[in-house]
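I opened my notebook for a fresh look at this one. Here is what I looked up, entry by entry.

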Amino acid sequence: QHSASELILVEDEMTDTEDNEEEDLGVMDDQRSVILHLISQLKLGMDLTRVVLPTFILEKRSLLEMYANFMAHPDLFLSIAAGATPEERIICFVEYYLTAFHEGRKGAVAKKPYNPIIGETFHCSWDVPKDKVKAFRTNGASTVAKDSAKELGQDQSTCYKLRFVAEQVSHHPPVSCFYCECKEKKMCVNAHVWTKSKFMGMSIGVSMVGEGVLHLLEHEEEYVFTLPSAYARSILTIPWVELGGKVNINCARTGYSATVTFHTKPFYGGKVHRVTAEVKHNPTNTIVCKAQGEWNGTLEFTYSNGDTKVIDTTKLPVMRKKIRPIANQGPLESRRLWQHVTNSLKEGNIDAATEHKHRLEERQRAEERQRAALTTPWKPKYFAKEGDGWLYVNPLWKT
C-alpha cells in the first residue's frame, strides 16, 4: 500500500507559470498538404485512436493536464458542499460543471493535447481562499470580482487545499483516470474517461466514454456525471472546437438529476457554443432550475422561485494550480515526460518535436511488446480496476 503522502504529492509545489496560450491562427499551406494527405487515407467514421496525427496540431500539454484544468474554478467546486439543501447542492454542481470547460479548452484554435502514454501521471493542487467558498444564495458576488492578486500571499490556514492526481491506466483502449479531493470539505471526485476519436470528413469527433462520481461525504451523496463529446471543425482552414451531446448528472439518494445539452452549431445560421440545462426533482417531477447560454461565454440561471443569476465565464477569476518544478518530478510525470516535445514546439521546431514524440511512442510500444511476451499486464500506480470503471486506491471515503 502506498503511503498517503506519496500518493498526492504537494511538497515543494509552486504556483504554475505556464500560460498555455496557443498563438497560431490557422493552418499553414505546407501543413494543409500534410492534413490533406492524412485525410486521403481515412474513411468516414474511421476510428482515429491508432492514427498518428501531425505534430503541429499538438497543444503543448498532456490530456491529463487538460483534465486538471476542469478545476480552474476550485472555489465554485468547493462551494457545492456548502449548499444547505440537496436542491442547492445539485444546482451548485451544475453551475460549477457548466463553467468547467472554458479553461480546459483555451484559445480559439483547435489543438490536440498529447495522448498520455501508459503509466503517465499528473499531480497538482490549489490553495483556495476560504472566504471565496460561499454558500449558494450568497455566491453571486464572488463570480464578478477579479481580485486574484490578493490570494498569492495567503497562508495555509486561510485556504482549503484541493489535491489532484491523474494517471493513464490503459493504452488500448486509451483510458485516463483522475481523482481530486479536499479533506476539509469532505468531498472528492473520481473519474475515468476513454477518448474515442472518429473521422467525419471536415471534422473530427472525440467522444468521452466513461463517467465521474462526485462524493459529498458529509451529506452521504454521490453525483454520477458524464462528459460531452468534442468536435474539431474546419480542420483545413482555421480549426475550432465545439462541444456537443447530452450529459447527465444524477444523485440517486436525493432524487435530483440534471440534463445538460451542448448544442452543436446548425449548418446554416445559429449560434456556436450554446448550452442548456435543466435540474429536476424526480419524485415530484418538478424543474427547480434552468440554465442557458454559452459554455465559454455568459450563462443565465433561472430558479423555480423566479430568481435569476448570470455568470460570465470570461470574467471568472482563474486560480492557478500549483505544480512541482520539472526537476523534482518523476520520469513519468506529464510535464517532465513531454518536456522536450513542449520545448521544441515552443521554439517552433516541429521536426525536433516530432522526433521526441516518436521516441516516447516507440518506447511505449517496445514496453508493450515486452509485457505481451511475458504476459504481465500493466499495473497502474494510483488506480485499480473495479467493474467497468477505475477507482483511486486511497479515496477519502475509505479513510
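A term I need before starting: a crossing is left-handed if the near helix is turned anticlockwise from the far one by less than a right angle.

**Entry 1, a helix pair.** The model is predicted, and I began with two of its helices. I found that helix 8 (residues 339-346) passes helix 9 in a left-handed crossing. The two pack with their axes 8 Å apart, at an angle of about 170 degrees. Since angles over 145 degrees count as roughly antiparallel, helix 8 is therefore roughly antiparallel to helix 9. I then listed who meets whom: His340, Val341, Ser344 and Leu345 come from helix 8, and they meet Ile350, Ala352, Ala353, His356 and Lys357 of helix 9.

**Entry 2, Tyr382.** Next I followed the chain to the loop between helix 9 (350-374) and strand 18 (383-386), where Tyr382 sits. Is Tyr382 buried or exposed? I noted a relative accessible area of 2%, and the cut-off for buried is under 20%, so Tyr382 is buried. Its side chain makes a polar contact with the side chain of His123, at 3.4 Å. I also checked Val165: it lies 217 residues from Tyr382 in sequence, yet the C-alpha atoms are 8.3 Å apart in space.

**Entry 3, confidence.** For the protein chain I read a mean pLDDT of 84, with 82% of residues at 70 or more. Among its elements, strand 9 (residues 221-225) has the highest mean, 97, and helix 1 (residues 4-7) the lowest, 48. Residues 1-5 have pLDDT below 50, and beyond near neighbours in sequence this stretch has 5 contacts in the model. I flagged residues 138-154 as well: pLDDT stays under 50 there, and the model has 21 contacts for them beyond four places in sequence.

Terms used. Residues numbered from 1 in each chain as written. Predicted model: local features only at pLDDT ≥ 70, side-chain atom pairs only at ≥ 80, totals over all residues. Heavy atoms only, no water. Helix = DSSP H or I, 4+ residues; strand = E, 2+ residues; numbered from the N terminus. Buried < 20%, exposed > 50% of the residue type's maximum accessible area, 1.4 Å probe, protein only. Polar contact = N/O pair within 3.5 Å; in protein donor to acceptor, adjacent residues only side chain to side chain. pLDDT = per-residue confidence, 0-100. Contact = heavy atoms within 4.5 Å. Axes fitted to C-alpha atoms, helices over the stretch in contact; angles between N-to-C directions. Parallel < 35°, antiparallel > 145°, perpendicular 65-115°, else oblique.
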